[in-house]
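Colleague: I am new to this one. Can we go through the terms and ask what each rests on?

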Amino acid sequence: MKVKIFDESHEKDLENQVNAFLSSLEGDIIDIKFSTAISVFGEEQIYCFTAMIIYTS
């Protein structure tokens, strides 16, 4: 079993990264975990979109 973790500041970037990884994956997906976090720094909002793919190769 292996894991691959993605971390992006825009959800579309995360989507592109995950889709690119999945299109080249030659194993089986066991699970995909998704998380969103937000932080406020002054007047700026900082987003963090993460995905963890658990798979076999």
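What follows is a set of short questions and answers about this structure.

Modeller: One point before we start. This is a predicted model.

Colleague: Understood. Why is I54 called buried or exposed?

Modeller: Buried means under 20% relative accessible area. I54 has a relative accessible area of 14%, so I54 is buried.

Colleague: And where does I54 lie?

Modeller: I54 lies in strand β3.

Colleague: What does I54 touch, leaving out residues up to four places away in sequence?

Modeller: I54 touches M1, K2, V3, D28, I29, I30 and D31.

Colleague: How far apart are I54 and V3 in sequence and in space?

Modeller: They are 51 residues apart in sequence. In space, C-alpha to C-alpha, they are 4.5 Å apart. V3 also has I54 as its bridge partner in β3.

Colleague: What makes β1 and β3 a pair of strands?

Modeller: Two strands pair if there are at least two bridges between them. Seven bridges join β1 to β3, and the two run antiparallel. Therefore β1 and β3 count as paired. Elsewhere in this pairing, K4 stands opposite I53 in β3.

Colleague: How do you know that β2 and β3 pair?

Modeller: The cut-off is again at least two bridges. β2 and β3 have 13 bridges, in the antiparallel sense, so they pair. K33 stands opposite M52 in β3. V40 stands opposite Q45 in β3.

Colleague: What links β2 to β3 along the chain?

Modeller: β2 and β3 form a hairpin with two residues between them. G42 is in the turn and has a positive phi of about 65 degrees.

Colleague: In which order do the three strands sit in the sheet?

Modeller: The order is β1-β3-β2, in an open sheet with antiparallel pairing.

Colleague: What makes β1 and β2 the edge strands?

Modeller: Each of them pairs on one side only. Across the sheet, neighbouring strands are turned by 15 degrees against each other on average, direction ignored.

Colleague: Now Q45. Why is Q45 called partly exposed?

Modeller: The partly exposed class lies between the buried limit of 20% and the exposed limit of 50%. Q45 is at 47% relative accessibility, so Q45 counts as partly exposed. Q45 lies in strand β3. Beyond its neighbours within four places in sequence, Q45 is in contact with I38, S39 and V40.

Colleague: How far is Q45 from D13 in space?

Modeller: The two are 17 Å apart, C-alpha to C-alpha, and 32 residues apart in sequence.

Colleague: On to the helix. How do you know that the span of α1 fits its number of residues?

Modeller: The expected span is 1.5 Å times one less than the number of residues. α1 covers residues 11-24, which is 14 residues. It reaches 20 Å from its first C-alpha to its last, close to the 20 Å expected.

Colleague: Which residues of α1 are buried?

Modeller: They are L14, V18 and F21. These residues cover an arc of only 65 degrees around the axis, which puts them on the same side of α1.

Colleague: What does the face turned away from the buried side of α1 carry?

Modeller: That face carries the exposed residues K12, S23 and S24.

Colleague: What covers the buried residues of α1?

Modeller: The cover includes β1 (2-8), β2 (28-41) and β3 (44-56). α1 lies across β1, β2 and β3, and runs at about 15 degrees to β3.

Colleague: Where is E15, and why is E15 called partly exposed?

Modeller: E15 is in helix α1. Its relative accessible area is 40%, between the limits of 20% and 50%, so E15 is partly exposed. The C-alpha atoms of E15 and A51 are separated by 9.2 Å.

Colleague: Which residues make up the largest nonpolar core?

Modeller: There are nine: F6, L14, V18, F21, L25, F49, A51, I53 and Y55. α1 and β3 are the elements that give two or more residues to this core. β3 gives the most, with four residues.

Colleague: What is V18 in contact with, leaving aside its neighbours within four places in sequence?

Modeller: V18 is in contact with F6, A51 and I53.

Colleague: Why might such side chains be found together?

Modeller: In soluble globular proteins, nonpolar side chains tend to be buried together.

Conventions
Residues numbered from 1 in each chain as written. Predicted model: local features only at pLDDT ≥ 70, side-chain atom pairs only at ≥ 80, totals over all residues. Heavy atoms only, no water. Buried < 20%, exposed > 50% of the residue type's maximum accessible area, 1.4 Å probe, protein only. Arc of directions from axis to C-beta. Contact = heavy atoms within 4.5 Å. Core = buried A, V, L, I, M, F, W, Y, C linked by side-chain atoms within 4.5 Å. Axes fitted to C-alpha atoms, helices over the stretch in contact; angles between N-to-C directions.
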